[in-house]
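Hi,

Here is the structure I promised to pass along. Have a look at it first, then read on for my notes.

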Amino acid sequence: MSDLFDNSPDMADQRPATEPESRDRPLADSLRPKDITEVIGQAHILAEEAPLGRMLASGKLSSMILWGPPGVGKTTIARLLADASDRHFVQISAIFSGVPELRKVFDAAKTRRRAGQGTLLFVDEIHRFNKAQQDGFLPHMEDGTIVLVGATTENPSFELNRALLSRAQVMVLHRLDAGALGELLSRAEAARGTPLPLTEEARATLVAMADGDGRAMLNLVEQVAAIRVSTPMDAKELAQRLQRRAAQYDKSGDEHYNLISALHKSVRGSDPDAALYWYARMLEGGEDPRYLARRFVRMAVEDIGLADPQAQTHALHAWEIYERIGSPEGELALAQTVIYLALAPKSNAGYVGYKGARALAKQTGSAPPPKHILNAPTSLMKEQGYGAGYAYDHDAEDGFSGQNYFPDNVPRAQLYDPPDRGFEREMRKRVDWFAKLRAKRNS
């Protein structure tokens, strides 16, 4: 049908069907898939039996959030969904759009709907809209004015409000693996009509440089194609001629929390090799070593505890070394701490005991200590029974009286239950020994 909205503000976002090919078009644009089946690396959501595949087969397209790293096809998928569902495609960016722009988009979509055509609104960087702006989408999603497809590189659970998430299905897109990037490289060479001047090793290096990003892959292809060489380049020459792409890492974003989680769990899982790898990944991404030093102290306290009391000292000393000598030598001290913590015996008994004590304290409120362990500096307090019957432990056999130190109305609880490993094997012996003596004294 003819377009009735040539003057609508979103027409610039709709590519003409008869756009001429141009030598100036970027390779990433000219190779953009024309059909959903041509999308690389996202079969888990696009295959016939996958969520989007079933949605398209049914003809019922619902609003969704496409969550994934850069360069994996979020914009392309949104365009193809609009084509497949015969909807007008409108694209905006949350970085450059505000309430006035959104109002124009919604008004145009309502006009379009009255004429019998639906609208797929693609919102790039949707997590940058504030809560009020996100709420503005809801009535238009509910009445069918738009099908919203939002794109984000950040975790929707943290960045999007619940009302919006309850009305949109989250589709997780994966970074492109080596196989997908290799296929993309082959497509680019086929489009150029000639292979790139690279050895097989150099091709693998080029794929690694793309770091899971299809757009970066095609940009690198264009750079290589512009190099004039008489013989194929090897990996070393390629690395010299191209600036390696920085790894995806945002020190305040989702990737930051993913990597520190991987590092922490590798230490907890006693895997020094994996722990060193994630430590290096974070440093390569520009993470502040001081942040890592602080986390190492936490790991020593939370996951090792008294199973190896030296772990906390080791972590603190490494932190101090870094502060004194800086990078890069100080980072080696932190690396050695990673190894030490990963190989240390693990115990969270102290951590569990502390949490149990906090819960018990909250539950028992203001229960007073038993009077026999209270000081009695005044005669009135002595008359009230303060300190009466207190047994001085140093005067008792084995230096242990076995008296009760919990409130009178609070049953005794075992909050610290050390495992039989590491230094806590010795702590286990002590706990059991005092428990035995306590039972003997109280009998």
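**Around strand β2**

Let's start with one residue pair: Q91 sits opposite F122, a residue of strand β3. Keep in mind that this is a predicted model.

The chain gets from β2 to β3 by way of helix α5, residues 99-114, and this β-α-β crossover is right-handed. As for the strands themselves, β2 and β3 (residues 119-124) run parallel to each other, paired over 6 bridges.

Is β2 mostly enclosed or open? Strand β2 covers residues 88-93, and 5 of its 6 residues are buried, so the rest of the structure largely encloses it.

**The whole chain**

Stepping back, you'll find 21 helices and 5 strands in the protein chain. If you're wondering about the overall dimensions, the C-alpha atoms fill a box of roughly 100 × 60 × 40 Å along the principal axes. The radius of gyration is 32 Å, whereas a compact globule of 443 residues would come out near 22 Å.

How much of the chain is buried? Of its 443 residues, 41% count as buried. The accessible surface of the chain is about 24600 Å², and carbon and sulfur atoms account for 52% of that.

One last thing, on contacts: take those between residues at least 6 apart in sequence, and 72% of them join residues at least 24 apart.

Shout if you'd like to go through any of this together.

Cheers

Key
Residues numbered from 1 in each chain as written. Predicted model: local features only at pLDDT ≥ 70, side-chain atom pairs only at ≥ 80, totals over all residues. Heavy atoms only, no water. Buried < 20%, exposed > 50% of the residue type's maximum accessible area, 1.4 Å probe, protein only. Helix = DSSP H or I, 4+ residues; strand = E, 2+ residues; numbered from the N terminus. Pairing = 2+ DSSP bridges. Right-handed = clockwise from strand over helix to strand, strands pointing away. Rg over C-alpha atoms; globule rule 2.2 N^0.38 Å. Contact = heavy atoms within 4.5 Å. Areas by Shrake-Rupley, 256 points an atom, 1.4 Å probe, with all protein chains shown as cover.
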